[in-house]
4 protein chains.
Amino acid sequence: MTGCTRRRVLGGAAALAAFAAPSLVRAQRDAPRELRRLVAANRILANEGVVDAFGHVSVRDPRNAQRFWLSRSRSPALVELNDLMEFDLEGAAIDARGRTAYGERVIHAAIYAARSDVHSVVHNHAYGVLPFTITGQPLRPVVHTASVIGAVIPVWDIRTRFGATDMLVRSIEQGRDLAATLAGNTCVLMRGHGAAAVGASIERAVLTAIYLQVNANVLLQALPLGTPEALSAEEIARSAEAQFSPLALDRSWEYFCQRAGVDPG
Amino acid sequence: MTGCTRRRVLGGAAALAAFAAPSLVRAQRDAPRELRRLVAANRILANEGVVDAFGHVSVRDPRNAQRFWLSRSRSPALVELNDLMEFDLEGAAIDARGRTAYGERVIHAAIYAARSDVHSVVHNHAYGVLPFTITGQPLRPVVHTASVIGAVIPVWDIRTRFGATDMLVRSIEQGRDLAATLAGNTCVLMRGHGAAAVGASIERAVLTAIYLQVNANVLLQALPLGTPEALSAEEIARSAEAQFSPLALDRSWEYFCQRAGVDPG
Amino acid sequence: MTGCTRRRVLGGAAALAAFAAPSLVRAQRDAPRELRRLVAANRILANEGVVDAFGHVSVRDPRNAQRFWLSRSRSPALVELNDLMEFDLEGAAIDARGRTAYGERVIHAAIYAARSDVHSVVHNHAYGVLPFTITGQPLRPVVHTASVIGAVIPVWDIRTRFGATDMLVRSIEQGRDLAATLAGNTCVLMRGHGAAAVGASIERAVLTAIYLQVNANVLLQALPLGTPEALSAEEIARSAEAQFSPLALDRSWEYFCQRAGVDPG
Amino acid sequence: MTGCTRRRVLGGAAALAAFAAPSLVRAQRDAPRELRRLVAANRILANEGVVDAFGHVSVRDPRNAQRFWLSRSRSPALVELNDLMEFDLEGAAIDARGRTAYGERVIHAAIYAARSDVHSVVHNHAYGVLPFTITGQPLRPVVHTASVIGAVIPVWDIRTRFGATDMLVRSIEQGRDLAATLAGNTCVLMRGHGAAAVGASIERAVLTAIYLQVNANVLLQALPLGTPEALSAEEIARSAEAQFSPLALDRSWEYFCQRAGVDPG
């Protein structure tokens, strides 16, 4: 009763056993690295405060571009390997095995369907980002580590096409509308709700979501001081490339894993 | 001397022994789950910074609607099962066994008396919420996770009916006046003091108190940027229903328990 | 080398041994409780972020009103029983035993000399309080838990009487000037430097310093929202009495000790 | 798999073994203290949030003023003794042994070349400091503990001489341009990027970087309240001397080491 419950983590053998479930046999040979990194991604995003009780992160199946992996309905801080479920690009579970899926899995499905260059999607409600979804104040990169969020970050309002809702992205049509607003950009804000960040890999999507929040926090502090000078379009493009070079990407992935207490995968 | 004092938590057997005290026999059969969750609620609210040294949370007795449970006078971070005391709806202790009650237990008593739909009450002084009690700036839900706080949050000022006081709600009359201002809403602010949040269950009251603070913090950051767009009344109603669906409620309860290091009860 | 250094704390027996040093024999019989609480006070203030590398807290000797106890020059987070030194009301060490005293011990000496009602003094640089020392914005209690800071908090500027200095209170004359500005109040701010808070006991001085910071933080957030309504003078007086009642004082002392991992003493 | 990876720290013997690598024999006799302190400096800066995934700290070789030590490309939170590499004042590695160097090591090289009085350099992106790099709002010391940052803090913009870049200081020419803007000051801000802080010792550079952030945070909170009164030039000079006296410097070094869980070296 109120006994301390420490984070239980699947050891190597148990994890493989989990993978040995029939529906996972196909994925077992080459997918594990992606799935292990997906677990790490969940823990990192929770540890950095990018997600709280809510929010989720997915990865496209490296062997089947029409599928993606996402946790069952569970807070990212708690996600383990056998919570991961596979979905198609309409958001239907391939083999649910009784597990309940996130209601908003269609955000991921619709973005993967629209963007073949995207291999990972983060959806979150980072507190520092939320003010930019409700004030009309644009969120633009002002520091080089945040160049990866991109020069343009559109704001999507579910009400525009769907009227008064419970604010959640529940149907594939809503997901497609969000993906259309995201267009070719890296991040999209959602009015009174949160954001989505995409990347060509789990590491990129995770770092983009983290530095979207960092940039938002810097901007929140800078705006009362004067008019912040944003990076130029060329600086953003060049800096984003540098931030996603192995030199910078490996260093930051190792760092965020260590802080979250997870193996880099 | 200055030796480390680690959180001591009642184990299962000791907890049952505590329950075996004469006055608890009646409650022992079906109440324990509520009481275990009440201990968890105390720890969660402390861990999330919703309460500090002060603040408290109660639950209506599931077997006797004229009674409610609340800790003895102790900071929520430290509350254990045998700190819980039972009170009637005037705030009188049923069986104090020498324990000292919170001075402000009448907040709970008066709200339970006025609102048969309420089964749990949180009273707190969350720092982010306090600015809204002293500036006339209304606290309205601007993000969907906070829709549960409700469309209208009145502000109560003890001075209006009781003049200069020590700011504490000490008499049942003061409690009733607060409950009258709360009326049919979910939250009420108290000028220069704090807030009360109510719910149909412990989980709902706790999550409402947490997201009242989250919403306040988002609003504090958004206000210097422009005029924040609030959720519409219909969005609030629909979203609150979604946030209190088992899908969302179970996920967040598990999450906040894990962060606080307590068993979900 | 970069090996983890965990907080080493004097156990009971070793602590008594430390007290058995000749100069401490007199104090040993009735002072220990005050000294143990002084160690706890150091740790609490560090844990709550009221002090960082700098800042200090003292207690008047309960057996000799012309003496007070204060740590040797050491950050409060690290203070142990045998760091405590005794001083007279000019700031001279009674028995230094080779230990180096804080340069600003005269703050304590001068306040004890001027205020026979004061039995404990905290000097600190809490970050939330500092803006009020340099902007002319008055720091007034706006929430009831902070009523203990008092209705009037003067600001002292060392430059007024002593010209350009290193900003430190180094001479007993400077200490007396500060004490004169404090006058009969509970807190005094120091321009570009920090604050001092006094109390009739260690517990009161510590809680006053903590809630001075809480109130400053609430005010920093409230000021951009509108004109915060302060507590009235009568509300401050009545509420301060309630906050220092055993019901509230014991509860918060137990809480802050638990958070700091120290025995309540 | 997602198993907890605890900070692995080199024990004394293993550390010496690392030093026994051929290229380190010369340094082994008198350099170790500096190198141990350099590891501690990395951990302290990470623990205080002055650096995150990015940022670095170096020390000039005490036996050869034309050389300096800096970690291989790794986040400061993770740096161990055998990550340290030696460089010349053009930024070329003396004996890389397969290790990858930070891209921005030329910041350090150029400053050591330009400033014989500097023995340690910190480069970082502290979030509180960043708003001052993009708004034109000057960062001036307003509290005495931050006097060490100096009266004048210039802002360098890489675009002025190098046009659109990836914002990183990659060439020795860029490093020299930054060093020229730093001139004889202690800190320099970099537009949309971060800052560099220098010192006559590791301890001084580290404390300067920490209090640069503290001062920035105080100023961010003070600016909305009114016009903050800065310390006068004479107060800054006198106070900086006091803050770097052994009394203050040793106390704060011990404190920051304890917080970071590292041996003071």
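This is a short tour of two chain–chain interfaces in a predicted model.

**Stop 1: chains A and B.** Start by selecting chain A and chain B together. Their contact draws 41 residues from chain A and 42 residues from chain B. Between them the two chains bury about 3,700 Å², with 63% of that on carbon and sulfur atoms. Four salt bridges are counted here. To see one of them, show the side chains of A:Arg191 and B:Glu235, which meet at 2.7 Å, N to O. Nine residue pairs are in polar contact across this interface, both residues at pLDDT 80 or more.

Now colour the helices of chain B. On the side that touches chain A, helix 1 (12-19), helix 3 (32-47), helix 8 (202-222), helix 9 (233-243) and helix 10 (246-260) each give two or more residues. Helix 10 of chain B has the largest share, eight residues. Colouring this side by class gives 22 nonpolar, 12 polar and eight charged residues.

**Stop 2: chains B and C.** Next, hide chain A and bring up chain C. Here 41 residues of chain B touch 41 residues of chain C, and about 3,700 Å² is buried between the two chains, 63% of it on carbon and sulfur atoms. Four salt bridges are found across this interface. Zoom in on B:Arg191 and C:Glu235, whose side chains form a salt bridge at 2.7 Å, N to O. Polar contacts here number nine residue pairs, both residues at pLDDT 80 or more.

Which helices of chain C supply at least two residues of the side that touches chain B? Select helix 3 (32-47), helix 8 (202-222), helix 9 (233-243) and helix 10 (246-260). Helix 10 of chain C gives the most, with eight residues.

Note on methods: Residues are numbered from 1 along each chain as its sequence is written. Chains are lettered from A and ligands numbered from 1 in the order in which they are written. This is a predicted model: local features need pLDDT of at least 70, side-chain atom pairs count only at pLDDT 80 or more; totals for chains, interfaces and linings use all residues. Side-chain values use heavy atoms; hydrogens and water are left out. Contact means heavy atoms within 4.5 Å. Buried area is the accessible area (1.4 Å probe) that two parts lose on being put together, summed over both. A polar contact is a pair of N or O atoms within 3.5 Å; within protein, one must be able to donate a hydrogen and the other to accept it, and residues adjacent in sequence count only if both atoms are side-chain atoms. Helices (H or I, at least four residues) and strands (E, at least two) are DSSP runs, numbered from the N terminus. Ala, Val, Leu, Ile, Met, Phe, Trp, Tyr, Cys and Pro count as nonpolar, Asp, Glu, Lys and Arg as charged, and the others, Gly among them, as polar.
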